[in-house]
Amino acid sequence: MTDRPAGPGTRLLVLDGEADLDTAAVLSEALDAALGYRPAPSLITVDCAGLTFCASAGLNEFLRARRSAMTAGIAFRLTRPRPQLRRLLRITEVDTVLEVEVEDGAGLDPTDANC
(Lines give C-alpha, C1' and ligand atoms only; values in the text may rest on other atoms or scores of the structure.)
Protein backbone atom coordinates (compact mmCIF):
# COMPACT_ATOMS: atom_id res chain seq x y z
CA MET A 1 0.00 0.00 0.00
CA THR A 2 1.10 3.48 -0.81
CA ASP A 3 -0.35 6.59 0.79
CA ARG A 4 0.46 9.92 -0.81
CA PRO A 5 -1.01 13.33 -1.60
CA ALA A 6 -2.91 13.51 -4.88
CA GLY A 7 -3.60 17.17 -5.35
CA PRO A 8 -4.88 19.83 -2.99
CA GLY A 9 -6.88 18.32 -0.14
CA THR A 10 -6.73 14.76 -1.47
CA ARG A 11 -4.97 11.67 -0.11
CA LEU A 12 -4.50 8.71 -2.43
CA LEU A 13 -4.15 5.21 -1.02
CA VAL A 14 -2.99 2.72 -3.67
CA LEU A 15 -3.73 -0.91 -2.80
CA ASP A 16 -1.84 -3.95 -4.00
CA GLY A 17 -2.48 -7.62 -3.28
CA GLU A 18 -5.41 -9.01 -1.30
CA ALA A 19 -7.80 -7.57 1.28
CA ASP A 20 -8.88 -10.51 3.41
CA LEU A 21 -8.85 -11.68 7.01
CA ASP A 22 -5.06 -12.04 6.97
CA THR A 23 -4.45 -8.52 5.68
CA ALA A 24 -7.38 -6.60 7.22
CA ALA A 25 -5.24 -5.18 10.03
CA VAL A 26 -2.71 -3.77 7.55
CA LEU A 27 -5.53 -2.27 5.46
CA SER A 28 -7.09 -0.82 8.60
CA GLU A 29 -3.80 0.83 9.61
CA ALA A 30 -3.32 2.32 6.14
CA LEU A 31 -6.87 3.67 6.02
CA ASP A 32 -6.53 5.11 9.53
CA ALA A 33 -3.24 6.78 8.57
CA ALA A 34 -4.88 8.41 5.56
CA LEU A 35 -7.80 9.56 7.73
CA GLY A 36 -5.43 10.89 10.39
CA TYR A 37 -3.26 12.89 8.02
CA ARG A 38 -2.88 16.55 9.00
CA PRO A 39 -4.01 18.86 7.68
CA ALA A 40 -7.09 16.73 7.18
CA PRO A 41 -7.83 15.98 3.53
CA SER A 42 -11.20 16.79 2.03
CA LEU A 43 -11.12 13.55 0.01
CA ILE A 44 -9.57 10.11 0.43
CA THR A 45 -9.33 8.11 -2.78
CA VAL A 46 -8.57 4.38 -2.54
CA ASP A 47 -7.16 3.08 -5.84
CA CYS A 48 -8.16 -0.59 -6.04
CA ALA A 49 -6.62 -1.41 -9.46
CA GLY A 50 -3.88 -3.49 -7.80
CA LEU A 51 -6.26 -5.26 -5.43
CA THR A 52 -6.41 -8.81 -6.78
CA PHE A 53 -8.97 -10.09 -4.25
CA CYS A 54 -11.27 -8.60 -1.65
CA ALA A 55 -13.11 -10.64 0.99
CA SER A 56 -15.72 -9.48 3.47
CA ALA A 57 -12.97 -8.46 5.91
CA GLY A 58 -11.62 -5.97 3.36
CA LEU A 59 -15.11 -4.75 2.57
CA ASN A 60 -15.73 -4.18 6.29
CA GLU A 61 -12.57 -2.06 6.49
CA PHE A 62 -13.77 0.09 3.58
CA LEU A 63 -17.12 0.58 5.30
CA ARG A 64 -15.48 1.40 8.64
CA ALA A 65 -13.18 3.93 6.97
CA ARG A 66 -16.11 5.50 5.12
CA ARG A 67 -17.99 5.91 8.40
CA SER A 68 -14.94 7.52 10.04
CA ALA A 69 -14.44 9.76 7.01
CA MET A 70 -18.07 10.90 7.09
CA THR A 71 -17.79 11.71 10.80
CA ALA A 72 -14.71 13.83 10.06
CA GLY A 73 -16.32 15.55 7.06
CA ILE A 74 -14.03 13.79 4.56
CA ALA A 75 -15.29 12.36 1.27
CA PHE A 76 -14.30 8.71 0.68
CA ARG A 77 -14.07 7.06 -2.74
CA LEU A 78 -12.95 3.74 -4.21
CA THR A 79 -11.55 3.88 -7.74
CA ARG A 80 -10.70 1.38 -10.45
CA PRO A 81 -12.04 -1.79 -8.78
CA ARG A 82 -11.39 -5.04 -10.60
CA PRO A 83 -14.37 -7.24 -11.61
CA GLN A 84 -14.20 -9.36 -8.42
CA LEU A 85 -14.50 -6.30 -6.19
CA ARG A 86 -17.17 -4.74 -8.41
CA ARG A 87 -19.20 -7.95 -8.11
CA LEU A 88 -18.72 -8.06 -4.32
CA LEU A 89 -19.84 -4.44 -4.03
CA ARG A 90 -22.90 -5.13 -6.18
CA ILE A 91 -24.10 -8.37 -4.55
CA THR A 92 -23.68 -6.94 -1.03
CA GLU A 93 -25.29 -3.67 -2.19
CA VAL A 94 -22.34 -1.78 -0.73
CA ASP A 95 -22.18 -0.01 -4.09
CA THR A 96 -25.24 1.91 -2.88
CA VAL A 97 -23.27 3.20 0.13
CA LEU A 98 -19.71 3.70 -1.11
CA GLU A 99 -18.78 6.09 -3.88
CA VAL A 100 -17.10 3.98 -6.56
CA GLU A 101 -15.49 5.14 -9.79
CA VAL A 102 -14.69 2.48 -12.36
CA GLU A 103 -12.76 4.75 -14.76
CA ASP A 104 -12.91 8.27 -16.13
CA GLY A 105 -15.25 9.39 -13.35
CA ALA A 106 -17.89 6.75 -14.17
CA GLY A 107 -19.69 4.98 -11.35
CA LEU A 108 -20.61 1.30 -11.29
CA ASP A 109 -23.00 0.18 -14.00
CA PRO A 110 -25.51 -2.33 -12.55
CA THR A 111 -25.99 -3.83 -16.03
CA ASP A 112 -22.25 -4.54 -16.43
CA ALA A 113 -21.81 -8.27 -17.07
CA ASN A 114 -18.47 -8.16 -15.20
CA CYS A 115 -20.28 -7.20 -12.03
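**Exercise 1. Place Glu 93 and classify its exposure.**

Solution. Glu 93 sits in the loop between α3 and β5 (99–101). This is a predicted model. Next, take the backbone: Glu 93 has a positive phi of about 65°, although it is not a glycine. Now the surface. The relative accessible area of Glu 93 is 53%. Exposed means over 50%, so Glu 93 is exposed.

**Exercise 2. Do the same for Arg 80.**

Solution. Arg 80 belongs to the loop between β4 and α3. Its phi is positive, about 50°, and Arg 80 is not a glycine. Its relative accessible area is 44%. That value falls between the 20% and 50% limits, so Arg 80 is partly exposed.

**Exercise 3. Find the cis peptide bond.**

Solution. Look at the step from Arg 38 to Pro 39: this peptide bond is cis, with omega near 0°. Pro 39 lies in the loop between α1 and β3.

**Exercise 4. Decide whether Ala 30 is buried or exposed.**

Solution. Start with the element: Ala 30 is part of helix α1. Its relative accessibility is 14%. Buried means under 20%, so Ala 30 counts as buried. Then check a partner in space. Leu 13 is 17 residues away in sequence, yet the C-alpha atoms of Ala 30 and Leu 13 are 7.8 Å apart.

**Exercise 5. Describe the largest nonpolar core.**

Solution. Count first: this core has 26 residues. Val 46, Phe 62, Phe 76 and Leu 78 have the most contacts inside it. Elements that each supply at least two core residues include β2 (10–19), β3 (43–54) and α2 (56–72). Finally, follow Phe 76. Beyond its neighbours within four places in sequence, its contacts include Leu 31, Val 46, Phe 62 and Leu 98.

Definitions and conventions
Residues numbered from 1 in each chain as written. Predicted model: local features only at pLDDT ≥ 70, side-chain atom pairs only at ≥ 80, totals over all residues. Heavy atoms only, no water. Core = buried A, V, L, I, M, F, W, Y, C linked by side-chain atoms within 4.5 Å. Buried < 20%, exposed > 50% of the residue type's maximum accessible area, 1.4 Å probe, protein only. Helix = DSSP H or I, 4+ residues; strand = E, 2+ residues; numbered from the N terminus. Contact = heavy atoms within 4.5 Å.
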